[in-house]
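Subject: Handover of a structure

Dear colleague,

I am passing the structure below to you, followed by an account of what was found in it. Please read the account alongside the sequence and the coordinates.

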Amino acid sequence: MTKIAAKDITPNRRRGGDLRTLLSPATAGATSGFMGVLTLEPGEVVTEHYHPYSEEFLYLVTGEIMARIDGESVPLTAGEALHLRINVRHRLENHGDTRAFLVFQLGPLAPRPELGHVDTEPLPEQEPA
């Protein structure tokens, strides 16, 4: 059993937003997938990418977002879930005026972590630390 608090995980902002992988091979010894949380402030996006080995499951806890799925706009509101199949390009955007908070899970795992994501648009500029 592994218990991890989101506040104890350093956020990954590489693709935008505040993404925290909570349970994974590295943090919990998981062997079939990983899960975490994503916070998108108003105006923030997660840049377009796809997963060549994994399905992704998203659940929007609070807020509203626009998901761009292979170029199609799919609005999500709190309490809705979205399933993304392997190799489906997706981008998440918060056009609202409130914070959006999502839970995500991906599986199965890619053969190696660096193969798990393929970026299809430039990554956002990062502010200096």
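I begin with Asn87, which lies in the loop between strand S7 (81–84) and S8. Although Asn87 is not a glycine, its phi is positive, near 70°. Asn87 counts as partly exposed, because its relative accessibility is 45%. Please bear in mind that the model is a predicted one.

A second residue with this backbone feature is Asp70, a non-glycine whose positive phi is about 50°. Asp70 is found in the loop between S5 and S6, and its relative accessible area of 41% makes it partly exposed. Gly71 lies in the loop between S5 and S6 as well. With a relative accessible area of 57%, Gly71 is exposed. From Gly71 to Glu48 the C-alpha distance is 9.6 Å, with their positions 23 residues apart in sequence.

The two strands on either side of that loop are themselves paired: strand S5 (residues 64–69) and S6 run antiparallel and share six bridges. Within this pairing, Ile69 stands opposite Glu72 in S6. Both strands belong to an open sheet of five strands, ordered S6-S5-S8-S3-S10 and paired in the antiparallel sense. Its edges are strand S6 (72–77) and strand S10 (118–119), each of which pairs on one side only.

A further set of pairings centres on S9. Strand S2 (residues 34–40) and strand S9 (residues 100–107) are antiparallel and are joined by seven bridges. Strand S4 (residues 55–62) is also antiparallel to S9, again with seven bridges. Val103 of S9 appears in both pairings: Val103 is the bridge partner of Val37, and Tyr59 stands opposite Val103 too.

Just before S9 in the chain, Asn94 is found in the loop between strand S8 (90–93) and S9. Is Asn94 buried or exposed? Asn94 counts as buried, since its relative accessibility is 1%, and the cut-off for that class is under 20%. The side chain of Asn94 reaches two backbone oxygens: that of Leu40 at 2.8 Å, and that of Thr98, which lies 2.9 Å from a polar atom of the side chain. Leaving aside residues up to four places away in sequence, Asn94 touches Leu40, Glu41, Pro42, Gly43, Glu44, Glu64, Arg99 and Ala100.

His51 is another buried loop residue. His51 lies in the loop between S3 and S4, and it counts as buried because its relative accessibility is 3%. Its side chain makes a polar contact of 3.4 Å with the side chain of His49. Beyond four places in sequence, the residues that His51 touches are Glu56, Ile86, Asn87, His90, Leu106, Gly116 and His117. Asn87, described at the start of this account, is thus one of the contacts of His51.

At the other end of S9, a cis peptide bond joins Gly107 and Pro108, with omega at about -5°. Pro108 lies in the loop between S9 and S10.

I turn next to the largest pocket. Its volume is about 700 Å³. Of the 32 residues that line it, Asn12, Thr21, Phe34, Pro113 and His117 are the closest to its centre. His117 is also among the residues that His51 touches. Which element supplies the largest share of the lining? That share, three residues, comes from S1. At least two lining residues each come from strand S1 (18–23), helix H1 (25–28), S2, strand S3 (45–50), S4, S8 and S9. By class, the lining comprises 15 nonpolar, eleven polar and six charged residues.

Finally, Lys3 is placed in the segment before S1. Lys3 counts as exposed, because its relative accessibility is 76%. Lys3 and Thr77 are separated by 74 residues in sequence and by 28 Å in space, C-alpha to C-alpha.

Yours sincerely

Methods:
Residues numbered from 1 in each chain as written. Predicted model: local features only at pLDDT ≥ 70, side-chain atom pairs only at ≥ 80, totals over all residues. Heavy atoms only, no water. Pairing = 2+ DSSP bridges. Helix = DSSP H or I, 4+ residues; strand = E, 2+ residues; numbered from the N terminus. Buried < 20%, exposed > 50% of the residue type's maximum accessible area, 1.4 Å probe, protein only. Polar contact = N/O pair within 3.5 Å; in protein donor to acceptor, adjacent residues only side chain to side chain. Contact = heavy atoms within 4.5 Å. 1 Å grid on protein atoms, 1.4 Å probe; cavity = no way out; pocket = protein on both sides within 12 Å on 5 of 7 lines; lining within 4 Å. Points joined across faces, edges and corners; volume = space filled by probe spheres on them. Nonpolar A, V, L, I, M, F, W, Y, C, P; charged D, E, K, R; others polar.
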